[in-house]
Each structure stands twice: as C-alpha cells, then as structure tokens.
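Reader: I would like a close look at one part of this model, starting from a single side chain and working outward from there. Please keep the account plain.

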Amino acid sequence: MKDIKRMERITGHTSPSMHDETLLIRRILDGQTELFRQLAGRYAGQVLRMVARLIPSPEEAEEATQDTLLEAFQSLVRFDAQKASFQTWLMRIAYHTALKHYRQHHKHVAVVEVDQHWLETIPDDETDAVLDNTSADRVALMERAIDTLKPDDQMLLNLYYFDNRPIREIACIMEHEESYLRSRLQWIRKRLAITIKTLESHEEK
C-alpha cells in the first residue's frame, strides 16, 4: 500500500471525475505534456497492483510500473479510443511490461510433474472440490501450485479471479480471442487441482 501511495504522489494522482479523459488526452497530444502526470496518476495504483502480482519485489514492481507509464506516454499518439478505453490500453502495456520484467529477472520456475492423462480426464466436480477447499493447508498448496504456472497463465488467473475483469476486457489486454481464454481458464483450473493433489501426495510420503 505504501508503494501504491508513493507512486500516486510521484505521478500526481487526480480523481477521474475532475477531468474529461478524452479532452485531457487531446490536450497532452497538443503539447501540454505535463498533464500526463494527472492522467497516469489515475491508474498508477492499478498498474502497480497488476505487475506486483507477477513481480513480488517492490523495487522491481515499481520499476515495471514506471516503464509502463513511460511507454504509455511515448505511445499515446497511437491510442485509439474506438478500440479500448485508456485504462484497458494501459493495462495491456502493463501486462506486457510485467511479463518482460519477469522473464528478464526470474529465470527459475518451480516445476511439478503431473499426470497428463489425469489432466485430460479429471471431472469438473473433482476440480471444483479441490479448488473450493479453503483450509489453511489447501490455500498454502494453492499458492505453491500457482507458482508453477507459466507467467502469462498466472496473469490470466489474476485478471479474471482476483481483479474480476470480464473476459472481453482480458482479451483486449492479453490480445487473445475470448474463446481461447475461456478454454485456457478451464485448463488452468484442472492443472491447479492436479498440482495440489500431487503436492499433497508428495507430502504424505
């Protein structure tokens, strides 16, 4: 929270209700570049929270946030309000920036081998039963299981389940078809359930 507040101070946070966003962007593109601090300040906290889900280091997360805002400023002329809101467009930049930072600084990913046949055949009700268990032990295993996912799958999981963003918006952020993301979410749920069961079996030995 302190990092988010500090980032909002750096960017000059302003309430969205205080300015018409379209007009503000037009004024920035017309040369009043100092106004970008106001525009960026509205979303700096969201950007930081998003990248921090994948980049736990506060320093790295803040660096990724600054990189996101800088790229947004440099690319603002290419922003098309007909295709996406500024917020969604900015989150797309944040998504790709977070992945870039992760791949540059986090080469090691925990690996848990799972039975591929089990992955293909596990029933939905069994998957739900595993993932709906909120005991302390299961939550700990869930966190470990999420760490075994590829970074883009982790981001999809966070955007959908933790940020409660609609699939249509996520499709714009991640630049994938909605049908693919729905299918991928189902696969991720099954993968997590099996990984949790696999980790449990390893601990019992």
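Is Arg168 buried or exposed, and at what relative accessibility?

Author: Arg168 counts as exposed, because its relative accessibility is 66% and the cut-off for that class is over 50%. The model is predicted, and each value below is computed from it.

The exposed Arg168 still has a charged partner. Its side chain meets that of Glu178 in a salt bridge, at 3.8 Å from N to O. Arg168 belongs to helix H10 and Glu178 to helix H11 (residues 178–204), so this pair ties together parts that are 10 residues apart in sequence. The two ends are not in the same class of exposure: Arg168 is exposed, whereas Glu178, at 29% relative accessibility, counts as partly exposed. Elsewhere, salt bridges with shared partners link Arg53, Asp163, Arg165 and Glu169 into one network.

One bridge of that group can be described in detail. Arg53 and Asp163 form a salt bridge whose closest N and O atoms are 2.7 Å apart. Arg53 sits in helix H3, while Asp163 sits in the loop between helix H9 (151–162) and helix H10 (167–174), so the contact ties together parts that are 110 residues apart in sequence. Both partners are partly exposed: Arg53 has a relative accessible area of 34%, and Asp163 is at 26% relative accessibility.

The loop between H9 and H10 also contains Asn164. Asn164 is not a glycine, yet it has a positive phi of about 55°. As background, most residues other than glycine have a negative phi. Asn164 is exposed, with a relative accessible area of 61%. A second case is found in the loop between H10 and H11, where Glu175 is placed. The phi of Glu175 is near 60°, again a positive value in a residue other than glycine. Glu175 is partly exposed, its relative accessible area being 48%.

Helix H11 follows up with another arginine, Arg184. This one is buried, with a relative accessible area of 17%. Its charged end sits over the ring of Trp187, 4.2 Å from the ring centre. Leaving aside residues up to four places away in sequence, Arg184 touches Lys150, Asp153 and Leu156.

Ile146 offers a hydrophobic counterpart, and it is found in helix H8 (residues 136–147). At 17% relative accessibility, Ile146 counts as buried. Not counting residues up to four places away in sequence, Ile146 is in touch with Gln154, Leu157 and Leu192. For Ile146 and Leu192, which are 46 residues apart along the chain, the C-alpha atoms are separated by 6.9 Å.

Back to the charged pairs: a search of the whole structure finds nine salt bridges. One of them joins Glu21 and Arg42, with the closest N and O atoms 3.2 Å apart. Glu21 is in helix H2 (residues 21–29) and Arg42 in helix H3, so the pair ties together parts that are 21 residues apart in sequence. Glu21 counts as partly exposed at 21% relative accessibility, whereas Arg42 counts as buried at 7%.

Aromatic contacts are another kind of link, and the structure holds six aromatic pairs. In one of them, Tyr43 and Phe86, the ring centres are 5.7 Å apart and the planes are at 50°, so the pair is tilted. Tyr43 lies in helix H3 (residues 36–54) and Phe86 in helix H5 (residues 86–105), so the pair ties together parts that are 43 residues apart in sequence. Both Tyr43 and Phe86 are buried. They also belong, with Phe79 and Trp89, to one aromatic cluster.

Helix H7 (residues 124–131) is the last element to mention, and its residues Thr127, Val130 and Leu131 are buried. Viewed down the axis of H7, the buried residues fall within an arc of 90°, so they line one face of the helix.

Methods
Residues are numbered from 1 along each chain as its sequence is written. This is a predicted model: local features need pLDDT of at least 70, side-chain atom pairs count only at pLDDT 80 or more; totals for chains, interfaces and linings use all residues. Side-chain values use heavy atoms; hydrogens and water are left out. Rings of Phe, Tyr and Trp (its six-membered ring) pair if their centres lie within 6.5 Å; planes under 30 degrees apart count as stacked, over 60 as edge-to-face and the rest as tilted. Helices (H or I, at least four residues) and strands (E, at least two) are DSSP runs, numbered from the N terminus. Buried means under 20% relative accessible area, exposed over 50%, partly exposed in between (1.4 Å probe, protein chains only). A charge sits over a ring if NZ of Lys or CZ of Arg is within 6 Å of the ring centre and within 35 degrees of the ring normal. Contact means heavy atoms within 4.5 Å. A salt bridge is a side-chain nitrogen of Lys or Arg within 4 Å of a carboxyl oxygen of Asp or Glu. The arc is that of the directions from the helix axis to the C-beta atoms.
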